[in-house]
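Work through the exercises below with the sequence and the model open. Each task is followed by a worked solution.

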Amino acid sequence: MAALAPHAGNAYVIGLTGSPGVGKSTTTTALVGAFRERGLRVGVLAVDPSSPFSGGALLGDRIRMQDHALDPEVYIRSMASRGHLGGLSFTTPQAIRVLDAAGCDVVLVETVGVGQSEVEVAGLADTSVVLLAPGMGDGIQAAKAGILEIGDLYVVNKADREGAAQVRRDLRSMLALAQRPEGAWKPPIVKTVAQQGEGVGEVAAELDRHRAWLESSGELERRRVRRARDEIEAIAVTALRERWGDLHGRTELDDLAAAVVAGTSDPYAAADELLATFTE
Ligand SMILES: Nc1nc2c(ncn2[C@@H]2O[C@H](COP(=O)(O)OP(=O)(O)OP(=O)(O)O)[C@@H](O)[C@H]2O)c(=O)[nH]1
Ligand SMILES: [Mg+2]
């Protein structure tokens, strides 16, 4: 990481998230094509936060992204993150930095939207794209998962299917409820048929527009500083956990837990006792 640091910092990082099967990989593949037409070097990370054994997803993504498999200016990698301490926030930024230092102009990070992972991916990217599709119950899901706060750009994919206009209307009215300060970015909604490449040009154009806004508003710098802060924190917390594991094993925690169960201690006092061992 120390050797890579001087070479990194140039890549534009785009996060794509959405429910399983919404069309993230298809959209990513189409965007890779659009960026390659401009002669850009592209990195793709498909992160599966749901399984430490993502053989299936890995194979699926390889097949779907085959269009670019022989292009030496495109690097595609699937990785699983559950099971790693810190999850997405620990492993993915480091993978992004490797691709960045390797000269990728654009890094696309695809994450399946499950639970907190879409919020995490928003923290990793310069621009976050949230994908929705008709017939997936995405309207309700969108509100539930809090994705309405994280999208810089919304894509209603599978517009060839019935209900796309309704999803777009629902999304537009929900986004309109958000309180945005003067000069804030208003996330656009783009309809696509990713499989046919329809609307992908418009997605690329909106990405350009968002990037320009990020740079002119100073938000790009703010996001990157926030990202670095999260990364440092994830590494430090992981190191602390490991140190605690090395020094104390599990027996100390077991003793404290037994005391809490017996009523001779409470969880806060036990946590304080544990923390005190770090500063001794
Ligand atoms: N009808 C229709 N099908 C599409 C469209 N875009 C993608 N699909 C199909 O939807 C399926 C899922 O697409 P993917 O791109 O793999 O979706 P994903 O979001 O990456 O899926 P996971 O990574 O498994 O969560 C595939 O069979 C695609 O061919 C579209 O615009 N219209
Ligand atoms: Mg996929």
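**Exercise 1. Find what share of the chain's contacts between residues at least 6 apart in sequence join residues at least 24 apart.**

Solution. The structure is a predicted model. Take the contacts between residues at least 6 apart in sequence. Of these, 76% join residues at least 24 apart. Next, list the secondary structure: the chain has 10 helices and 7 strands. Then turn to burial. Of the 280 residues, 44% are buried. Finish with the surface. The chain exposes about 14800 Å², and carbon and sulfur atoms supply 55% of that area.

**Exercise 2. Locate the largest nonpolar core and state which elements each supply at least two residues of it.**

Solution. Step one: size. The largest nonpolar core holds 24 residues. Those with the most contacts inside it are I14, L31, F35, L108, V129 and L207.

Step two: sources. Five strands each supply at least two residues: strand 1 (12-18), strand 2 (42-48), strand 4 (106-112), strand 5 (127-132) and strand 6 (153-156). Helix 1 (24-37) and helix 7 (200-217) do so as well. The largest share, 5 residues, comes from helix 7.

Step three: the second core. A separate core of 13 residues includes L45, V47, C104 and L124.

Step four: one residue in detail. Leave out neighbours up to four places away in sequence. L108 then touches I14, L16, T28, L31, V32, F35, V42, G43, V44 and L45.

**Exercise 3. Identify the residues that coordinate the magnesium ion, and decide whether each is buried or exposed.**

Solution. Start from the ion. The magnesium ion (ligand 2) is coordinated by S25 through OG and by E110 through OE. The distances are 2.1 to 2.2 Å. Now place the two residues. S25 sits in helix 1 and E110 in strand 4. They are 85 residues apart, so the pair links distant parts of the chain. Last, check burial. The cut-off is under 20% relative accessible area. S25 has 5%, so S25 is buried. E110 has 8%, so E110 is buried too.

**Exercise 4. Trace the salt bridge of R36 and say which parts of the chain the pair ties together.**

Solution. First, the total: the whole structure contains 12 salt bridges. In one of them R36 pairs with D71, with the closest N and O atoms 2.7 Å apart. R36 lies in helix 1, while D71 lies in the loop between helix 2 (55-64) and strand 3 (74-80), so the bridge ties together parts that are 35 residues apart in sequence. Check R36 for burial. Its relative accessibility is 23%, so R36 counts as partly exposed.

**Exercise 5. Find the salt-bridge partners of R224 and R223, and classify each residue by burial.**

Solution. Take R224 first. Its side chain meets that of D126 in a salt bridge, 2.8 Å from N to O. R224 is in helix 8 (residues 219-248). D126 is in the loop between helix 4 (117-124) and strand 5, 98 residues away. R224 has a relative accessible area of 22%, so R224 is partly exposed. D126 is at 0%, so D126 counts as buried.

Now take R223. R223 forms a salt bridge with D152, and the closest N and O atoms are 3.0 Å apart. R223 also belongs to helix 8. D152 is in the loop between helix 5 (138-145) and strand 6, 71 residues away. The relative accessible area of R223 is 16%, so R223 is buried. For D152 the value is 5%, so D152 is buried.

Extend the search through shared partners. One network joins D152, E219, R222, R223 and R226.

**Exercise 6. Describe the surroundings of E206.**

Solution. Place the residue: E206 is in helix 7. Its relative accessibility is 15%, so E206 counts as buried. Set aside residues up to four places away in sequence. E206 then touches L153, W185, P188 and V190. Now compare positions along the chain. I189 is 17 residues from E206, and their C-alpha atoms are separated by 9.3 Å.

**Exercise 7. Test the length of helix 9 against its expected span, then inspect the residue just after the helix.**

Solution. Helix 9 covers residues 251-262, which is 12 residues. The rise is 1.5 Å a residue, so the helix should span 16 Å. The end C-alpha atoms are 16 Å apart, which agrees. Step past the helix. G263 takes a positive phi of about 85°.

How values were computed. Residues numbered from 1 in each chain as written. Chains lettered and ligands numbered in written order. Predicted model: local features only at pLDDT ≥ 70, side-chain atom pairs only at ≥ 80, totals over all residues. Heavy atoms only, no water. Core = buried A, V, L, I, M, F, W, Y, C linked by side-chain atoms within 4.5 Å. Buried < 20%, exposed > 50% of the residue type's maximum accessible area, 1.4 Å probe, protein only. Helix = DSSP H or I, 4+ residues; strand = E, 2+ residues; numbered from the N terminus. Contact = heavy atoms within 4.5 Å. Areas by Shrake-Rupley, 256 points an atom, 1.4 Å probe, with all protein chains shown as cover. Donors = N, O, S within 2.8 Å, 3.2 Å for Na, K, Ca; no water. Salt bridge = Lys/Arg side-chain N within 4 Å of Asp/Glu carboxyl O. Expected span 1.5 Å × (residues − 1).
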